[in-house]
Amino acid sequence: MLSHQLLPGLEEVGSLYIFKDDRVIEFDGEFSSDTLVEFLLDVLEDPVEMINNAMELRAFERMEEDIRLIGYFKGEDSYFKAFQQASELFQPYIKFFATFDKSMAKHLSLKMNEVNFYEPFMEEPAILPGRPLSEMDIVEFVKQHRRATLRKLRAENMFETWEDDMDGIHIVAFAEEEDPDGYEFLEILKDVARDNTNNPELSIVWIDPDDFPLLTTYWEKTFKLDLFRPQIGVVNVTDADSVWLDMSNDEDLPTAEELEDWIEDVLSGRVNTEDDDETASDQENSYIYVTEDSYENDEQDEEYDSED
């Protein structure tokens, strides 16, 4: 067995690493054949994808779930090379695009040597300050802005996302995009994210249960939830204690304003996973909260005993 002293960059036992040129890329996703194959195919692609025509531009504009950058360059000059080198540090988790075509750049409102950063689900991009940009300028900007206000949990980087918590907690939303209620709730979440995109304290992890069929039952048992309905709550990443906004008695989903009020209570600490013994009447606002501890060990023991 080779130790990490012999192979610099390898730090965690049981992790999977891909070597490409002089880079070591850690696979931080679900260990399934489909996910791993898709990840490897993405790694083999060029780190910068070119936008040369209207069809490719439409495909780019439909990628609202992804963090993506696009730059306009005269050609494969030094400024494009800096953009390309920066992209290699984030491949395949963050997507980089470029165009040399003036009409494509005009449609995107890009000036020469300018780079736009698209946060997931946002309607307008952020323009990287300064131009031309160095590799370090691009890398630092991406590092500072890669935690999106609303981000989707994906199989290929689920552990990286989960480890990127906010002071030990995640605001988690479950919603099936193909379900009418789930779709409506997701649209509400997008409105909340767009209104609060400049708040560095807010990041909502959206989980579509359809993407994780093998985990749905586990989540329902752990959090005592019905994932056939949209849900939003606060989860402690250490012990899985959680607090969930109870929407079961409402015919209508909460509005964006009501969700913002609840999120404000979460960020201020008025709603937290330590209030397991508090009743809804003790809360300082009109919402009803459901609190649940993580799946107990004795329940697991009972399951194991039943299997014997």
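## Exercises on helix packing and buried cores

Helix α3 (residues 78-88) packs against helix α5 (residues 135-145) at an angle of about 40°, their axes lying 8 Å apart. The model used throughout these exercises is predicted.

**Exercise 1.** Classify the packing of α3 with α5 from its angle, and describe the residues of the contact.

*Solution.* Two packed helices are described by the angle between their axes and the distance between the axes. Here the angle is about 40°. Angles under 35 degrees count as roughly parallel, and 65 to 115 as roughly perpendicular. The arrangement of α3 to α5 is therefore oblique. The crossing of α3 past α5 is right-handed. On the α3 side, Ala82, Phe83, Gln85 and Ala86 take part, meeting Glu135, Ile138 and Val139 of α5. Sorted by character, the residues of this contact comprise five nonpolar, one polar and one charged.

**Exercise 2.** Determine which elements supply the largest nonpolar core, and identify the members that touch the most others.

*Solution.* The core in question has 27 residues. Phe185, Leu189, Ile232 and Trp262 touch the most other members. At least two residues come from each of the strands β9 (169-174), β10 (204-207), β11 (231-236) and β12 (242-245), and likewise from each of the helices α7 (180-195) and α9 (256-268). The greatest contribution is that of α7, with six residues. Beyond four places in sequence, the contacts of Ile232 include Phe185, Leu189 and Trp262, together with Ile171, Val172, Ala173, Trp244, Leu245, Met247 and Leu259. A separate, second core holds 19 residues, among them Leu69, Phe83, Ile94 and Leu128.

**Exercise 3.** Establish whether Met247 is buried or exposed, and list its contacts beyond four places in sequence.

*Solution.* Met247 lies in the loop between β12 and α9. The cut-off for a buried residue is under 20% relative accessible area. Met247 has 4% relative accessibility and therefore counts as buried. Its contacts, with neighbours within four places in sequence set aside, are Phe185, Arg229, Pro230, Gln231, Ile232 and Pro254. For the pair Met247 and Ile232, the separation is 15 residues in sequence and 9.0 Å between C-alpha atoms.

**Exercise 4.** Apply the same accessibility test to Thr161, and state where Thr161 is found.

*Solution.* Thr161 belongs to helix α6 (residues 158-163). Its relative accessibility is 7%, so Thr161 counts as buried. Apart from neighbours within four places in sequence, Thr161 is in contact with Arg151, Leu153, His170 and Val205.

Definitions and conventions:
Residues numbered from 1 in each chain as written. Predicted model: local features only at pLDDT ≥ 70, side-chain atom pairs only at ≥ 80, totals over all residues. Heavy atoms only, no water. Core = buried A, V, L, I, M, F, W, Y, C linked by side-chain atoms within 4.5 Å. Buried < 20%, exposed > 50% of the residue type's maximum accessible area, 1.4 Å probe, protein only. Helix = DSSP H or I, 4+ residues; strand = E, 2+ residues; numbered from the N terminus. Contact = heavy atoms within 4.5 Å. Axes fitted to C-alpha atoms, helices over the stretch in contact; angles between N-to-C directions. Parallel < 35°, antiparallel > 145°, perpendicular 65-115°, else oblique. Left-handed = near helix turned anticlockwise from the far one by under 90°. Nonpolar A, V, L, I, M, F, W, Y, C, P; charged D, E, K, R; others polar.
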